[in-house]
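I opened my notebook for a first look around a new structure. Come along and check each stop with me.

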Amino acid sequence: MKNTYNLRSIAAKAINQVLDQGQSLSTILPELQRNITDKDKSLLQELSFGVLRVLPQLEWIISQLMEKPLKGKQRILHYLLMVGIYQLTYTRIPAHAALAETVNGAVTLKYPQLKGLINGVLRQFQRQQLQLVERSQNSPSNHLHPKWLLAKIQKAYPQEWQQLIENNNKKPPMWLRVNRIYHSRDEYLSLLHKAGIDAEPAIELPSAIRVIFPCPVTILPGFDKGWITVQDVSAQGCAELLQPINGEKILDLCAAPGGKTTHILEIAPKAQVLAIDIDEHRIKRVKENLQRLNCHATVKTGDGRHPEYWAEGQQFDRILLDAPCSATGVIRRHPDIKWLRREEDIAQLVQLQSEIIDAIWPYLKKGGTLVYATCSILPDENSQQISSFLKRHPDAKLSGTDTSDNPGKQIIPEFNGGDGFFYARLIKQ
């Protein structure tokens, strides 16, 4: 049965909502995917994420093919052209099918009179494809990052920035976290191999497995039973560094969507865990993850800057603060971050992080452990943030993370490794 929708027009709408309305793909895609087939859900994700990954290149190519850009209400067709050019350049979709479906997208978007324009631009691109793609790689657009972010990365990583940018522009690897309540990592690796899924363990973390060729979670053995969670290897480092112990009171602050909450409980199933997040909608995800993994925690909505409203005077043995951040370490996983984030956001985030960690520090018991973590690669939010905190709080001492002039441990995205991440473990003296 022929589909009644046009997938390319849906992808154009997704890109429009990101670039013109400031919404994230992770927020809008579930709604846009609601009434399409499973196969097309994957293709919609590929087209949307792919276009945003290489957006400057597509912008440059279109500027070479059109004298005047499409503006105003017709701007949606500019994004449709991006979808078309992305398919022709980066996917195995037959060119005739990609072109025909993209041209038909103009009709679905209620611009039938501009079918000829879409068709003409895409055919012109086909004729010049090799030359245009080669020239684009030598254009100012070739780094595929906004100028302000590129400058910050170059300043922070003068020796490594090119490799970092290159890794940001690649598709991310798929990492799993084995729930060791059910299986050891070696046991689960054996189950994957029996299912025909090629995978390998991470050397540095006891529960981490990389799937060589990313696959749907539905084919992972025991996913619905809580045997496994999809979680980047760098993110898995948070709970391991926290070292939770059964019977302790543990706070997971800024907990949504719950990946680290459940990891804490897999390591210490009898810990008393309180998971707090300010976003009521995302708190539902924490509860769903706890239910799937058959874990038990107290879950509340609350502002990390005001623990007096939800902590009920209690103190904690351990606190994991996965602080709100720029998410510049997970760009390869969420390429829309490059276009949603603004330079002025960084100072605001640094201030917010500072307010949260200062507010929660009094709620940590003497001798207790606080792990501060972000999925950022910017020193402002990481080593500089912790350096400032240590100056304000003489009763805090770094433990198990770098204690040099750049306190904490900074990870940058690696091709087949983890995302960009930062941790600092602090002990209250």
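These entries follow three residues, one after another.

**Before starting.** I noted that this is a predicted model.

**Entry on Ser139.** I went looking for Ser139 and found it in the loop between α7 (115-136) and α8 (147-156). Is Ser139 buried or exposed? I looked up its relative accessibility, which is 8%. Buried means under 20%, so Ser139 counts as buried. I then checked its side chain: a polar atom there lies 2.7 Å from the backbone oxygen of Ser136.

**Entry on the record.** Next I turned to UniProt, where an unreviewed entry has a "binding site" listing. Among the residues it names are Ala256, Lys260, Asp277 and Asp322. I picked Ala256 and Lys260 from that listing for a visit.

**Entry on Ala256.** I traced Ala256 to the loop between β5 (249-253) and α12 (259-267). Its relative accessible area is 9%, so I wrote it down as buried. Which residues does Ala256 touch, not counting those up to four places away in sequence? I found Asp277, Arg282, Ile283 and Val286. Asp277 also appears in the UniProt listing.

**Entry on Lys260.** I found Lys260 in helix α12. Its relative accessible area is 13%, so Lys260 is buried. Leaving aside neighbours within four places in sequence, I saw Lys260 in contact with Gln231, Ala235, Cys238, Asp252, Leu320, Asp322 and Phe421. Of these contacts, I marked Asp322, since that name is in the UniProt listing too.

Definitions and conventions:
Residues are numbered from 1 along each chain as its sequence is written. This is a predicted model: local features need pLDDT of at least 70, side-chain atom pairs count only at pLDDT 80 or more; totals for chains, interfaces and linings use all residues. Side-chain values use heavy atoms; hydrogens and water are left out. Helices (H or I, at least four residues) and strands (E, at least two) are DSSP runs, numbered from the N terminus. Buried means under 20% relative accessible area, exposed over 50%, partly exposed in between (1.4 Å probe, protein chains only). A polar contact is a pair of N or O atoms within 3.5 Å; within protein, one must be able to donate a hydrogen and the other to accept it, and residues adjacent in sequence count only if both atoms are side-chain atoms. UniProt positions are given in the numbering used here, feature names are shortened, and annotations may be inferred rather than shown by experiment. Contact means heavy atoms within 4.5 Å.
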